[in-house]
Amino acid sequence: MPVPRPDEVDPAVLGALLARHGWRRRGGAPGAYARWTPPGRLAGGTSLLVPEGRDFPDSGDLLGEALVALSRSAAPSAREVLTGLAVPSDEIRWRREVPESPGGTSAWTAQERLRAAARDTLLAGALAARGRAGYYGARHRRAAEASLERVLTGPPGAESGGRELTVFVPVEDDGRATAVTLLRALYALRDAADYHRTTGGMEAYDAAVAAGASRELTEAVIALVQGTEGARVALEWSPAAGPPPGFAARPDPVEFSPGDLPGLREAGARYVRDEPSIPVCLTGAVVRLRRTGPGGPGTVRLRVLSGAEVAQVRITLDEEDYRIAGHAHLVGLPIRVRGRLESRGGFRRLSGAGGVTPVQVDEAERDRLVKSLQENLDFFEEACGGGP
């Protein structure tokens, strides 16, 4: 992690991050600087002198020395503090209460499970930030996954035995929207789980969709809780950006237990069952064609260019539409087709497809499509079953 320059660091933000990550303030000159020591067994190690502002001539020097000392500190939290300084981020912490393992032999497995569940939880938040749905399948997934590439992961925390994980979600772009949406969705899911355990009703789970709950989120929470005595998710806002409007400065953590799992599983199945198919008009490039003989209907796979937030769809076409799709592919043109994007299979199939027409594109895009065809010509000829 590169060390920020002293002139880029707000002393108040540095102090807030140190306090958040367990550093102890142990005196100093009031109104001038504070002395901070690391948490845990390293408390007797190197301390930091952090100015409380920039009013004194040596404030910049003290900040520079404190940042260098942080970069050399053996405390795992030092890296988290530097990450929070370098990239203004909301911090999300996951914790799974798993039984102690002799000699820590299962810590690696526990950490991998935690990382996978945390990523799926964040992905569910990123999907919900792009639009509410009980089940997304392939919709919005490409953009949501791309947004997670900017998320930073804190130190593994070997001493926690794979129980804890911290990630830093940058406030810029749509990172704050993901964090806010995820927090709302988790609160709604917690309330729905309480209602279900009290009454047996599923109405609160249905209402939670408007807050961002989804099949993807229930699956992530199930993976987080399964095999544990309980799990929690806590969020802390970036000190530099502050809390978003309408939210507490320190939001309450959200906790789930194994007793919530039956309701979460039922809700996830309900979300998939109730999510309707969607009428769409897609424009896409043909990337695969297949039929059993030289005539009759066939199956086409499209790389979607517009019309739906999915990467690819499969379509069954009658003989005439299949022939048009094949010819368009041969000359490097995408096609436009209407149908219903089916929720079954994750919104990857278009049913009732028809009205296939080639679409004109600019010369550069056409050349790229033709090049793709030439690189896969043998496969194309084989897949056509002797040609359309």
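This briefing describes the aromatic pairs, the two sheets, two of the helices and some backbone details of the structure above. The model is a predicted one. A search of the whole structure finds two aromatic pairs, and the strands described here form an open sheet of five strands and a barrel that is likewise closed by five strands.

**Aromatic pairs and their surroundings**

- One of the two aromatic pairs is formed by Tyr135 and Phe347, whose rings are tilted at 45 degrees between the planes and lie 6.0 Å centre to centre.
- This pair links distant parts of the chain, since Tyr135 belongs to the loop between helix H4 (107-128) and helix H5 (141-147), while Phe347 belongs to the loop between strand E12 (335-342) and strand E13 (349-358), 212 residues apart.
- Tyr135 has a relative accessibility of 14% and therefore counts as buried, and Phe347 is also buried, with a relative accessible area of 0%.
- Trp237 and Phe247 form a pair that is edge-to-face, because their ring planes stand at 75 degrees, with the centres 5.5 Å apart.
- Trp237 and Phe247 both lie in the loop between strand E7 (231-236) and strand E8 (254-256), so this pair ties together parts that are 10 residues apart in sequence; both residues are buried.
- Phe347 also has a charged residue over its face, namely Arg139, at 3.9 Å from the ring centre.

**The open sheet and helix H6**

- The open sheet has its five strands in the order E5-E6-E4-E7-E8, and their pairing is antiparallel.
- Strand E5 (152-153) and strand E8 stand at the edges with a single partner strand each, so one side of each is left without a neighbour in the sheet.
- Within this sheet, strand E4 (residues 89-96) and strand E6 (residues 164-170) pair in the antiparallel sense over seven bridges, and Arg93 stands opposite Thr166 in E6.
- Helix H6 (residues 175-199) lies across E4, E6, E7 and E8, and runs at about 50 degrees to E8.

**The barrel**

- Five strands close into the barrel in the order E9-E10-E11-E13-E12, with mixed pairing, and the twist from one strand to the next averages 50 degrees.
- Strand E10 (residues 298-306) pairs with strand E11 (residues 312-317) in the antiparallel sense over six bridges, and Thr299 stands opposite Thr316 in E11.

**Helix H10**

- Helix H10 (residues 319-330) has 12 residues, which at 1.5 Å a residue should span 16 Å, and its end C-alpha atoms are 17 Å apart, which agrees.
- Buried residues in H10 are Asp321, Tyr322, Ile324, Ala325, Gly326, Ala328 and His329.
- After H10 comes Gly332, whose phi is positive, near 80 degrees.

**Positive phi outside glycine**

- Most residues other than glycine have a negative phi, and two residues are listed here against that background.
- His140 has a positive phi, near 65 degrees, although it is a residue other than glycine; His140 lies in the loop between H4 and H5 and is buried, with a relative accessible area of 18%.
- Asp173 likewise has a positive phi in a residue other than glycine, near 55 degrees; Asp173 is placed in the loop between E6 and H6 and, at 63% relative accessibility, counts as exposed.

Methods:
Residues numbered from 1 in each chain as written. Predicted model: local features only at pLDDT ≥ 70, side-chain atom pairs only at ≥ 80, totals over all residues. Heavy atoms only, no water. Phe/Tyr/Trp six-rings, centres within 6.5 Å; stacked < 30°, edge-to-face > 60°. Helix = DSSP H or I, 4+ residues; strand = E, 2+ residues; numbered from the N terminus. Buried < 20%, exposed > 50% of the residue type's maximum accessible area, 1.4 Å probe, protein only. Lys NZ or Arg CZ within 6 Å of the ring centre and 35° of its normal. Pairing = 2+ DSSP bridges. Contact = heavy atoms within 4.5 Å. Axes fitted to C-alpha atoms, helices over the stretch in contact; angles between N-to-C directions. Expected span 1.5 Å × (residues − 1).
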